[in-house]
Amino acid sequence: QLQFVESGGGLVQSGGSLRLSCVASGFILDYYTIGWFRQAPGKEHEGIACISDSDGSTDYAFSVKGRFTISRDNAKNTVYLQMNGLKPEDTAVYFCAAGCSPVVVASWGQGTQVTVSS
C-alpha cells in the first residue's frame, strides 16, 4: 500500500503563503502521478493539483490556479505544494495521494491542517 506523510501546514493570514511537503514512504515516487487534495469541514475531498510521473505536466483546480504550484523532487521522494495568496476558503486538511481524482484514492493519510484567517 502506498503511504504518504504530509507536512507544512499551519495558521496563516489571508494573502500569506505556505509550502506543503508530501514524502512517499516505502516506494519510489518517480513512477506515480501524484495529486494534492483537500477536505474542508463538512465537505468531500477535492482534488486541487496534480503532477504527472511521465513528463512532469501539471493540472490545477480552477479555485487554486495561478496561486498554487505543485512540483516534485524525485531525488528526495517528495512532492511539494507551494501555496501563495491564501484565502480563508483555502482552510482545510490537505492530503497527497497517487492519482488526480479522489475517487481513485483507496485510503487517506493524516494530512496537514491549513488554516487561513481573514
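In this predicted model, six strands make up an open sheet with mixed pairing, and their order across the sheet is S2-S10-S9-S4-S5-S6. The two edges are taken by strand S2 (10–13) and strand S6 (58–60); each has a single partner strand, so one side of each is left without a neighbour in the sheet. On average, neighbouring strands of this sheet are turned by 25° against each other, with direction ignored.

At the S2 edge, the partner is strand S10 (residues 112–117), and the two strands pair in the parallel sense over 4 bridges. A handy landmark for this pairing is Gln13, whose bridge partner in S10 is Ser117. At the other edge, strand S6 holds Thr58. This residue is partly exposed, as its relative accessible area is 39%. Apart from neighbours within four places in sequence, Thr58 is in contact with Cys50, Ile51 and Ile70. Of these, Cys50 and Ile51 fall within the range of strand S5 (46–51), and Ile70 falls within that of strand S7 (68–73). Asn77, by comparison, lies 19 residues from Thr58 in sequence, with 17 Å between the two C-alpha atoms.

Antiparallel pairing is found around strand S3. S1 and S3 run antiparallel and are joined by 5 bridges, with Phe4 standing opposite Ala24 in S3. S3 also runs antiparallel to S8, here through 6 bridges; within this pairing, Cys22 has Val79 of S8 as its bridge partner.

S3 also contributes to the interior. The largest nonpolar core has 27 residues, and those with the most contacts inside it are Trp36, Leu81, Met83 and Tyr94. Two or more residues each come from S3, S4, strand S5 (46–51), strand S7 (68–73), strand S8 (78–83), strand S9 (92–98) and S10. Among the elements, S3 provides the largest share of this core, with 4 residues.

Turning to the aromatic residues, the search of the whole structure finds 4 aromatic pairs. One of them joins Phe4 and Phe27 in an edge-to-face arrangement, with 5.3 Å from centre to centre and 80° between the planes. Phe4 belongs to strand S1 (residues 3–7), whereas Phe27 sits in the loop between strand S3 (18–25) and strand S4 (34–39), so this pair ties together parts that are 23 residues apart in sequence. Phe4 has a relative accessible area of 13% and is buried, and Phe27, at 13% relative accessibility, counts as buried too. Phe27 also pairs with Tyr32: the ring centres are 5.3 Å apart and the planes stand at 80°, so this pair is edge-to-face. Tyr32 counts as partly exposed, with 30% relative accessibility. Phe4, Phe27 and Tyr32 together form one aromatic cluster.

A further ring takes part in a contact with a charged side chain. Arg19 lies over the face of Tyr80, 4.1 Å from the ring centre. By their numbering, Arg19 falls within strand S3 (18–25) and Tyr80 within strand S8 (78–83), the two strands that are joined in the antiparallel sense by 6 bridges.

How values were computed
Residues are numbered from 1 along each chain as its sequence is written. This is a predicted model: local features need pLDDT of at least 70, side-chain atom pairs count only at pLDDT 80 or more; totals for chains, interfaces and linings use all residues. Side-chain values use heavy atoms; hydrogens and water are left out. Rings of Phe, Tyr and Trp (its six-membered ring) pair if their centres lie within 6.5 Å; planes under 30 degrees apart count as stacked, over 60 as edge-to-face and the rest as tilted. Buried means under 20% relative accessible area, exposed over 50%, partly exposed in between (1.4 Å probe, protein chains only). A charge sits over a ring if NZ of Lys or CZ of Arg is within 6 Å of the ring centre and within 35 degrees of the ring normal. Two strands pair if DSSP finds at least two bridges between them. Axes are lines fitted to C-alpha atoms, for helices over the stretch in contact, and angles run from 0 to 180 degrees between N-to-C directions. A nonpolar core is a set of buried Ala, Val, Leu, Ile, Met, Phe, Trp, Tyr and Cys residues joined through side-chain atoms within 4.5 Å. Contact means heavy atoms within 4.5 Å.
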